[in-house]
Amino acid sequence: MKATIPLLASLALIACRSAQPAAAPTEVSSLSQQGADAVLWQHTSAEAYWLYQQTYDLATWRLESMLANLDEEKQMTDSTEWDRRPLAVIVDIDETVLDNSPYQVSAIRDGRTFDQSTWREWTDKASAKACPGALEFLRFARSSECEVFYITNRDVREKASTLKNLSDLGFPDADEKHLLLMEGTSDKTERRARVRATHNVVMLVGDQLRDFDERFKDRNADYGRGLVDHMMDTLSQCFILLPNPMYGTWRDAVQGKGTDAEKLARMKAWFAINGY
Ligand SMILES: [Mg+2]
């Protein structure tokens, strides 16, 4: 009997606690949790694992075919008209060659959204794994005499850790000459032009359409899908797109920029307006 009284008291206490309303989620944690499915898919699904490899297979076939066409053109053209610039492939880094889904998993776990300080802690570790298929494709490109340029919106302060991460994984051309980090603007147009000034860029690879053309920043008309239709031929010929449901310009088109509270309010408004 003696043990029963404390037990009952404990049960009563638990009942009291469970009767209290749960703490309201903060705007940050609400916004963070909205990304959970996307992060789980990217980080755990066999579908994402295969889709990356399938897409890099496509990149390899396209590059093989493009290089064969260039050889054929050379044979049919007077050598004085040849483009003698070295060949190049431009790739983005995040979610294109390096997998940052562990960072996104920790953000969901901790109920936070992206911020520069936790991002820097992650990139300082230089421990991201290669996206499936990326290493094989870029080694193939390099063995086919294509230099590899990495154009990324990582900050210049992340240069050393990024080069270490790429180099430790065995990525080709992981050096300062081939790494173009963000210098004040996320617009990659000028950096692409710098590579094109000295190289014949035969292919670009990224997880955002802006990795191909900055015009895709504008999603006002039909979320940018009209521009995809308009640029279909060029995209098909020169650009390889990888999947990234975790973040990107597509999401900014709905959430916009600003505080987490503002983004959350815009998300709610979007669903209210588009509630079919
Ligand atoms: Mg990216």
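**Exercise 1. Overall make-up**

State how many helices and strands the protein chain has, and compare its radius of gyration with that of a compact globule.

*Solution.* Start with the count. The secondary structure of the protein chain comes to 13 helices and seven strands. This is a predicted model. Next, take the radius of gyration. A compact globule of 276 residues would be near 19 Å, but the protein chain has 24 Å. Now look at the extents. The C-alpha trace spans about 100 × 45 × 35 Å along its principal axes. Then check burial: 25% of the 276 residues count as buried. Finish with the contacts. Among those with a separation of 6 or more, 81% join residues 24 or more positions apart.

**Exercise 2. The sheet**

Work out the strand order of the open sheet and find which strands stand at the edges.

*Solution.* Step one is the order. Five strands form an open sheet, S5-S4-S1-S6-S7, with parallel pairing. Step two is the edges. Strand S5 (179-182) and strand S7 (239-241) each have a single partner strand, so one side of each lacks a neighbour in the sheet. The twist averages 20° from one strand to the next.

Step three is the pairing, strand by strand.

- S4 (residues 146-155) pairs with S5 in the parallel sense over three bridges. Asp-155 has Met-182 of S5 as its bridge partner.
- S1 and S4 are parallel, with five bridges. Leu-87 has Cys-146 of S4 as its bridge partner.
- S1 also runs parallel to S6 (residues 200-206), joined by five bridges. Here Val-89 stands opposite Met-203 of S6.

Step four is the burial of S1 (residues 87-91). Four of its five residues are buried, so the rest of the structure largely encloses this strand.

**Exercise 3. The two sides of H8**

List the buried residues of helix H8 and decide how they are arranged around its axis.

*Solution.* In H8 (residues 159-169), the buried residues are Thr-162, Asn-165 and Leu-166. Viewed down the helix axis, they fall within an arc of 90°, so they line one face. Recall the general geometry: an α-helix has 3.6 residues a turn, so residues three or four places apart point the same way. Now identify the packing partners. The buried residues of H8 pack against strand S2 (98-99), helix H6 (116-124), S4 and S5. Turn to the other face. Exposed Ala-160 and Asp-168 sit on the face turned away from the buried side of H8. Last, look just past the helix: Gly-170 has a positive phi of about 90°.

**Exercise 4. A helix pair**

Describe how the axes of H4 and H7 are placed, and name the residues that make the contact.

*Solution.* The axes of H4 (residues 46-76) and H7 (residues 134-143) come within 9 Å and cross at roughly 10°. Angles under 35 degrees count as roughly parallel, so H4 is roughly parallel to H7. On H4, the contact uses Tyr-56, Ala-59, Thr-60 and Leu-63. H7 contributes Ala-134, Glu-136, Phe-137, Phe-140 and Ala-141.

**Exercise 5. Positive phi outside glycine**

Are Glu-95 and Asp-222 buried or exposed?

*Solution.* Take Glu-95. Its phi is positive, about 65°, although it is not a glycine. Glu-95 lies in the loop between S1 and S2. It has 24 C-beta neighbours inside 10 Å, so Glu-95 counts as buried. Now take Asp-222. Its phi is near 55°, again positive in a residue other than glycine. Asp-222 is in the loop between S6 and helix H10 (225-230). With 10 C-beta neighbours inside 10 Å, Asp-222 counts as exposed.

How values were computed: Residues are numbered from 1 along each chain as its sequence is written. This is a predicted model: local features need pLDDT of at least 70, side-chain atom pairs count only at pLDDT 80 or more; totals for chains, interfaces and linings use all residues. Two strands pair if DSSP finds at least two bridges between them. Helices (H or I, at least four residues) and strands (E, at least two) are DSSP runs, numbered from the N terminus. Axes are lines fitted to C-alpha atoms, for helices over the stretch in contact, and angles run from 0 to 180 degrees between N-to-C directions. A residue is buried if 20 or more other C-beta atoms lie within 10 Å of its own, exposed if 12 or fewer, and partly exposed in between; C-beta atoms are placed from the backbone. The radius of gyration is taken over C-alpha atoms; the globule rule is 2.2 Å times the number of residues to the power 0.38. Two residues are in contact if their C-beta atoms, placed from the backbone, lie within 7 Å. The arc is that of the directions from the helix axis to the C-beta atoms. Angles under 35 degrees count as roughly parallel, over 145 as roughly antiparallel, 65 to 115 as roughly perpendicular and the rest as oblique.
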